[in-house]
Amino acid sequence: MKNVLKIQRAIKDLTQEALAKKIGVSRQTINSIEKNRYVPSTILALKLSEVFGKNVNELFELEEND
């Protein structure tokens, strides 16, 4: 699954640590999501969409092999 979290974080001037604190996860979780090593739960994806003011579909995109 592709995502644009790193871009959205840059737009909002948020570090991985700051974003992690906002949604109650570790910085490593944010890093893993950004590097496509971890697919977030629905709840986590919704929390991220609230922080960025975007729909989940605007943050995450399915790839052919998903």
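Which helix is Gln16 found in? In this predicted model, Gln16 is found in helix H2, a helix that spans residues 16-23. Gln16 counts as buried because its relative accessible area is 14%, and buried here means under 20%. Leaving aside residues up to four places away in sequence, Gln16 touches Arg9, Arg27, Ile30, Asn31 and Glu34. Two of its polar contacts go side chain to side chain: one with Arg27 at 3.1 Å, and another with Glu34 at 2.9 Å.

Glu34, the partner at 2.9 Å, is found in helix H3. Despite its charged side chain, Glu34 counts as buried, since its relative accessibility is 15%. Its contacts, again not counting residues up to four places away in sequence, are Asn3, Leu5, Lys6, Arg9 and Gln16. Arg9 thus turns up on both lists, touching Gln16 as well as Glu34.

Helix H3 itself runs over residues 27-34, and Glu34 has buried company there in Ile30, Asn31, Ser32 and Ile33. What do the buried residues of H3 pack against? The answer takes in three helices, H1, H2 and H4, together with strand S1 (2-3) and strand S2 (60-61). After H3 comes Asn36, with a positive phi near 60°.

Asn36 sits in the loop between H3 and H4. Most residues other than glycine have a negative phi. Asn36 goes the other way, being a residue other than glycine with a positive value. With a relative accessibility of 45%, Asn36 counts as partly exposed. Asp13 is another case of a positive phi in a residue other than glycine, with a value near 55°. Asp13 lies in the loop between H1 and H2, and is exposed because its relative accessible area comes to 70%, the cut-off being over 50%.

Now to helix H4. Which residues of H4 are buried? They are Leu44, Ala45, Leu48, Ser49, Val51 and Phe52. These residues sit on the same side of H4, because the arc they cover around the axis is only 160°. In an α-helix there are 3.6 residues a turn, so residues three or four places apart point the same way. On the face turned away from the buried side, H4 carries exposed residues, namely Thr42, Ile43 and Glu50. The cover over the buried residues of H4 includes H1, H2, H3, helix H5 (56-59) and S2. Just after H4, Gly53 takes a positive phi of about 65°.

Leu46 is also found in helix H4, but is missing from the buried set. Why is Leu46 partly exposed? Its relative accessibility is 44%, and partly exposed covers the range between the buried limit of 20% and the exposed limit of 50%. Leu46 and Asn57 are 11 residues apart in sequence, with a C-alpha to C-alpha distance of 10 Å.

One of the helices covering H4 is H1. The axes of H1 (residues 5-12) and H4 (residues 42-52) come within 11 Å and cross at roughly 35°, and the crossing is left-handed. On the H1 side the contact is made by Leu5, Gln8, Arg9 and Lys12, which meet Leu48, Val51 and Phe52 of H4. By residue type, this contact divides into 4 nonpolar, 1 polar and 2 charged. The H4 partners Leu48, Val51 and Phe52 all belong to the buried set of that helix. Leu5 and Arg9 come up again here, since both also touch Glu34.

Helix H5 is another part of the cover over H4, and Leu59 has its place in H5. Is Leu59 buried or exposed? Leu59 counts as buried, because its relative accessibility is 2%. Not counting residues up to four places away in sequence, Leu59 touches Lys2, Asn3, Val4, Leu5, Gln8, Leu48, Ser49, Phe52 and Lys54. Among these, Leu5 and Gln8 also take part in the contact of H1 with H4, as do Leu48 and Phe52. Ser49 is 10 residues from Leu59 along the chain, and their C-alpha atoms are separated by 7.2 Å.

Terms used. Residues are numbered from 1 along each chain as its sequence is written. This is a predicted model: local features need pLDDT of at least 70, side-chain atom pairs count only at pLDDT 80 or more; totals for chains, interfaces and linings use all residues. Side-chain values use heavy atoms; hydrogens and water are left out. Axes are lines fitted to C-alpha atoms, for helices over the stretch in contact, and angles run from 0 to 180 degrees between N-to-C directions. Helices (H or I, at least four residues) and strands (E, at least two) are DSSP runs, numbered from the N terminus. A crossing is left-handed if the near helix is turned anticlockwise from the far one by less than a right angle, and right-handed if clockwise. Contact means heavy atoms within 4.5 Å. Buried means under 20% relative accessible area, exposed over 50%, partly exposed in between (1.4 Å probe, protein chains only). A polar contact is a pair of N or O atoms within 3.5 Å; within protein, one must be able to donate a hydrogen and the other to accept it, and residues adjacent in sequence count only if both atoms are side-chain atoms. The arc is that of the directions from the helix axis to the C-beta atoms.
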